[in-house]
Amino acid sequence: MAGRRIDDPLWKSIIEETSVHFLAYFYPDAMKLIDFDREIIYLDKEFSQLFPSEEGKQATRYVDKLLKVFLRNGSEQYFLIHIEIQSNKGKGDLAKRMFQYFYRILDKYDVPITALAILADPQAAYRPTVYVHEFLGTRLSYRFNHYKILDQQENSLRADPNPFAVVILTVLSAIKHRHVDDEELKSIKLDLYEEMMQRKMDRNCRRGIYDFLTHYVRFQNKGMYGSFEKAIAKKSGRSNGMGTREYLLEQAKNEGREEGREEAQRMLENKIRDFALSLKKLGYPQLEITKVTGLSKEEVDAL
C-alpha cells in the first residue's frame, strides 16, 4: 500500500464533513462548551496568508486546518489542527512549526487557542510534543496536544461509536498493511465500509467517510474500484444498479433526513467536482479522475 495515498484533499475534506464528530473525538470535554447552533468557520485562507508557501520550494506533506467555533457564553475559541501525513519525520521541525503557528495566530486574533498534531506516519519513535527555546537564562517551552495513530488499538476503535473512529481505523490499517495486494486491500476497504455502516451519522458525514476509506489508499489496478462497488452492492442487497454514492444518499434520506432530493443531489455533485478538482491539481491523469469520480472527460476538462 506504500506510495498510493492521496492524503491532502481527503484529510481537509473529512475534517469539514465530520466536524462535530471530529471535535467530539479529540475534545470530548469541550462539547458542552461549544455552541453548535452557530456555524463552525474554517479559516483556511487566513491561515495560508499567515504562512505563505515559499516560491519554488517543494511543500512538506502535512495538512493544517484552523477552525473558529463559538462557545455558549458567546466568546470565540480557535482550534489549530495540524495533521502530519508525511511518511517520515521529514526535517524533524514539527514542534518548532507548531510554535510558529501558535504565536502568529495569537498575534493576529488574540484569542484562546488549542493545538493538536495528528501523527499519521509509521515511525514509532517519532512523537514530538514540545518546543523548547533556551538561551542565556531565557527559556521558552511550548507544549501541544498530539495524537499518534500508530498507538491506537484496533479493538478500541471498532468499539467506539463515534464515526470519526472509522477514519482513524482507515489510517491505522494503511500504516499496518502497507504492502498488501489489491485483493487484500479490497477486503480491508469492505471491512471499513461495514464499520462505517454500523454507526449513525448524517448524509454528508457518511459520504465523506466513504470517500476517505475508498480513496485514502488507491488500488494499483483501477478496475478494482468497480469490483469494490459490486462487492458493496452485494453486501447491501442492491440489485438495481444504483451506485454506492447514490445508495448512501438514498439511505440517509430514509433515515430521516429532511433535505429535498434536488438540493441533496446538487450538494453531492458539487462535492464530486471539488474532489475531482483536488485530484486534478495533484496531477492525476484525466482517465483516472473520470474512473474515480464518475465524471465525463468533458466535465474534468472544464474544471
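These are some informal notes on the structure above, which is a predicted model.

1. Overall make-up. Let's start with the whole chain. The secondary structure comes to 13 helices and seven strands. The chain has 303 residues, and buried ones make up 48% of them. About 15,800 Å² of the chain is exposed, with carbon and sulfur atoms supplying 48% of that area. If you look at contacts between residues at least 6 apart in sequence, 66% of them join residues at least 24 apart.

2. Strand 4. I'd look here early on. Seven of the seven residues of strand 4 are buried, so the strand is largely enclosed by the rest of the structure. In a regular strand, side chains alternate between the two faces of the sheet. Here I113, A115, A117 and L119 point one way, T114, L116 and I118 point the other way, and all are buried. So which strand does strand 4 run parallel to, and through how many bridges? The partner is strand 7 (residues 145-148), and four bridges join the two. If you want a pair to click on, take I118, whose bridge partner in strand 7 is Y147.

3. M98 and its surroundings. M98 sits in helix 4 (residues 94-109). Is M98 buried or exposed? It counts as buried, because its relative accessibility is 0%. Leaving aside neighbours within four places in sequence, M98 is in contact with H82, A115, L116, A117, Y142 and F144. Three of those names, A115, L116 and A117, should be familiar from strand 4. M98 and Y131 are also worth a glance: they are 33 residues apart in sequence, with their C-alpha atoms 8.1 Å apart in space.

4. The loop after helix 4. D110 lies in the loop between helix 4 and strand 4 (113-119). Most residues other than glycine have a negative phi. D110 is not a glycine, yet its phi is positive, near 50°. D110 counts as exposed, because its relative accessibility is 63%.

5. The strand 5 and strand 6 hairpin. Strand 5 (residues 130-135) and strand 6 (residues 138-143) run antiparallel and are joined by six bridges. One pair to check is E134 with its bridge partner R139 in strand 6. Two residues lie between the strands of this hairpin, and L136 is in the turn. Phi of L136 is near 50°, again a positive value in a residue other than glycine. Is L136 buried or exposed? With a relative accessible area of 75%, L136 is exposed.

6. Helix 6 against helix 8. A packed helix pair is described by the angle between the axes and the distance between them. For helix 6 (residues 164-176) and helix 8 (residues 203-215), the angle is about 5° and the axes are 10 Å apart. That angle makes helix 6 roughly parallel to helix 8, because anything under 35 degrees counts as roughly parallel. Which residues make the contact? Helix 6 brings V166, V167, T170 and V171, while helix 8 brings I209, F212 and L213. By class, that contact has six nonpolar residues, one polar and no charged ones.

7. V167 close up. V167 belongs to helix 6 and counts as buried, with 0% relative accessibility. Setting aside neighbours within four places in sequence, V167 is in contact with I209 and F212, and also with W11 and I14. V167 and Y216 are 49 residues apart in sequence, and 9.6 Å separates their C-alpha atoms in space.

8. Two buried residues, S19 and K68. S19 is in helix 2 (residues 19-26), and K68 is in strand 2 (residues 62-70). Why does K68 count as buried? Its relative accessibility is 14%, and the cut-off for buried is under 20%. S19 is buried as well, with a relative accessible area of 14%. Not counting residues up to four places away in sequence, S19 touches I40 and Y42. I40 turns up again in the K68 list: with neighbours within four places in sequence left aside, K68 is in contact with E39, I40, I41, L43, E76, Q77 and Y78.

Definitions and conventions
Residues are numbered from 1 along each chain as its sequence is written. This is a predicted model: local features need pLDDT of at least 70, side-chain atom pairs count only at pLDDT 80 or more; totals for chains, interfaces and linings use all residues. Side-chain values use heavy atoms; hydrogens and water are left out. Two strands pair if DSSP finds at least two bridges between them. Axes are lines fitted to C-alpha atoms, for helices over the stretch in contact, and angles run from 0 to 180 degrees between N-to-C directions. Angles under 35 degrees count as roughly parallel, over 145 as roughly antiparallel, 65 to 115 as roughly perpendicular and the rest as oblique. Contact means heavy atoms within 4.5 Å. Ala, Val, Leu, Ile, Met, Phe, Trp, Tyr, Cys and Pro count as nonpolar, Asp, Glu, Lys and Arg as charged, and the others, Gly among them, as polar. Buried means under 20% relative accessible area, exposed over 50%, partly exposed in between (1.4 Å probe, protein chains only). Accessible areas come from the Shrake-Rupley method with a 1.4 Å probe; for residues, only the protein chains shown count as cover.
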